[in-house]
Amino acid sequence: MLSKLFWKISAAMFIGLGILLTGCAKDDPSSEEVNAVIAERLDLTEEQAARVQPVTAQIWAERKSFRTLHIDLYDQILVQLKNESVDQEELQNMLYSSWNQMEPMIPKAVNAFSEYHAVLSEEKRNELSEKLENRRERITQGRRGFWRFSDEEPTAEEINGKIADRLDLTPEQETEMLPLTEKLLIEREEIQQVRLSIIDEVIVQLNNESADTTRLESNLRSGWDAIHQRIPLAAETIASVHAILTEEQRAEIVEKMERRKDRREKRRQRRWHHWY
C-alpha cells in the first residue's frame with residue numbers, strides 16, 4: 001500500500017505511452033523489435049513507423065530505467081522493513097532522489113505522445129481512447145474490489161480490520177494502526193483524483209485532431225508535484241507502521257513483498273511471448 005502510492009501515479013503519468021508499449025517485455029528486445037510490434041498493432045505505414053522509431057527508442061530506454069528505479073525503491077523499502085528501526089531521514093532522502101529522477105522523463109513522454117498522435121489514424125486514436133476509458137472505470141472500481149461482496153465503499157475501519165486480520169495484529173496494534181489507515185485512505189483518494197485527471201487529459205488529447213503539448217506537460221507536472229509533496233508523509237508513515245509491527249509481522253510482510261516481486265518479474269517475462 002505504501003510503495004504503490006508512488007508507482008500508481010508514475011504509471012499514470014505515462015499511461016498513454018504505456019498502452020502502446022504494453023506487452024513488450026521480452027528479455028531486452030531491441031527498440032527496433034518494439035517499434036515493429038507497435039507499427040503492426042497500430043497499422044502504421046513504413047514511413048510512419050520510421051518517423052516514430054527514434055521516439056520509441058528513447059521511451060524504451062526510459063522504460064528500462066523506470067523499471068530499474070522501481071525495483072531499487074522496492075528493494076530499499078524491503079531493507080527498511082528488515083531493519084530493527086527505520087531511518088526516516090535516510091528513507092525520505094531516498095524517496096526524493098528516486099522521484100526526482102522521474103521529472104526529466106516528463107518532456108520526453110510529452111514529445112513521444114505528440115509524435116505518436118501525429119501518425120495515428122482517427123480510428124486508432126478512438127480505439128486507444130476507449131481502452132483508457134475502460135481502464136479509468138477499473139480504477140474507480142478498485143477500492144470496491146478490496147471489499148469483494150459489496151457495492152459500497154469500505155470505511156477506514158473496515159479496511160483497517162482487514163489489514164489487522166491479514167497481519168494478525170493484536171487489538172492494541174489495530175487501534176494504533178487506524179489513524180495511519182485513515183490518513184492513507186485520504187491520501188489515496190487524492191492521488192486517485194490526480195491519476196484520473198491525467199487519464200482524462202490523455203483521453204481528451206486522443207480525441208482531438210492534434211496534441212496540445214503545453215497542456216499535457218502541465219498536467220503531468222501537476223501529477224509529479226502531487227507525489228513530491230507527499231514524500232515526507234510517506235516516509236513518516238512507513239516509519240510509524242514499522243514501529244507498530246513486531247519483527248515476526250514485518251518478516252511476513254517482507255516475505256509477501258518478495259513473492260509479489262517474483263510474480264511481477266515472471267509476468268513481465270511472459271507478456272512479450274503471449275503478445276508477439
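Let me start with one residue: at 15% relative accessibility, R230 counts as buried, because the cut-off for buried is under 20%. Keep in mind throughout that this is a predicted model.

R230 has a charged partner. Its side chain forms a salt bridge with E190, and the closest N and O atoms are 2.4 Å apart. The two residues come from distant parts of the chain: E190 belongs to helix α10, R230 to helix α11, and 40 residues separate them in sequence. E190 has a relative accessible area of 35%, so E190 is classed as partly exposed.

Now the overall picture. The chain has 12 helices and zero strands. Of its 276 residues, 44% count as buried. The chain exposes about 14,500 Å², and carbon and sulfur atoms supply 47% of that area. As for contacts with a separation of 6 or more, 80% are between residues 24 or more positions apart.

Back to helix α11, where R230 sits. This helix covers residues 213-244, which is 32 residues. From first C-alpha to last it reaches 46 Å, close to the 46 Å expected at 1.5 Å a residue. Where does α11 have a kink? At I231, shortly before the proline P232, and the angle is about 45 degrees.

There is another salt bridge on α11. R221 and E103 meet through their side chains, at 3.2 Å from N to O. R221 is in helix α11 and E103 is in the loop between α5 (88-100) and α6 (105-119), so this pair ties together parts that are 118 residues apart in sequence. Are these two residues buried or exposed? Neither: R221 has a relative accessible area of 31%, and so is partly exposed. E103 is also at 31% relative accessibility and therefore counts as partly exposed.

The count of salt bridges comes to 15. One of them pairs E258 with K82, with the closest N and O atoms 3.1 Å apart. E258 is in helix α12 and K82 is in helix α4 (residues 46-82), so that distant parts of the chain, 176 residues apart, are linked. The relative accessible area of E258 is 30%, which makes E258 partly exposed. Some salt bridges also share partners: D43, K124, E127 and K131 are joined into one network in this way.

Next, an arginine without such a partner. R250 lies in helix α12, residues 247-275. R250 is buried yet has no salt bridge. What is the nearest side chain of opposite charge to R250? E247, which is 5.3 Å away. Since a salt bridge requires the nitrogen and the carboxyl oxygen to be within 4 Å, E247 does not qualify at 5.3 Å. What does R250 contact, leaving aside neighbours within four places in sequence? The list is L81, K82, N83, E84, H242 and L245. K82 has come up already, as the salt-bridge partner of E258.

On to helix α9, residues 156-167. Its 12 residues should span 16 Å at 1.5 Å a residue, and its end C-alpha atoms are 16 Å apart, which agrees. The buried residues of α9 are A156, I159, N160, G161, I163, A164 and L167. After α9 comes D168, with a positive phi near 55 degrees.

Two of those buried residues, A156 and N160, touch a leucine in α10. That leucine is L178, in the helix running over residues 171-207. Leaving aside neighbours within four places in sequence, L178 is in contact with A156, E157 and N160. L178 is 20 residues from E158 in sequence, and their C-alpha atoms are 9.8 Å apart in space. L178 counts as partly exposed because its relative accessibility is 22%, and the cut-off for buried is under 20%.

The last residue is I38, in helix α3, residues 31-41. How accessible is I38? Its relative accessibility is 1%, so I38 counts as buried. I38 and A49 are 11 residues apart in sequence, with 8.3 Å between their C-alpha atoms.

To recap the arginines: R230 is buried and paired with E190, R221 is partly exposed and paired with E103, and R250 is buried with no salt bridge.

Notes:
Residues numbered from 1 in each chain as written. Predicted model: local features only at pLDDT ≥ 70, side-chain atom pairs only at ≥ 80, totals over all residues. Heavy atoms only, no water. Helix = DSSP H or I, 4+ residues; strand = E, 2+ residues; numbered from the N terminus. Buried < 20%, exposed > 50% of the residue type's maximum accessible area, 1.4 Å probe, protein only. Lys, Arg positive; Asp, Glu negative; His and termini not counted. Contact = heavy atoms within 4.5 Å. Expected span 1.5 Å × (residues − 1). Bend = angle between axes of the 7 residues up to and from the residue. Areas by Shrake-Rupley, 256 points an atom, 1.4 Å probe, with all protein chains shown as cover.
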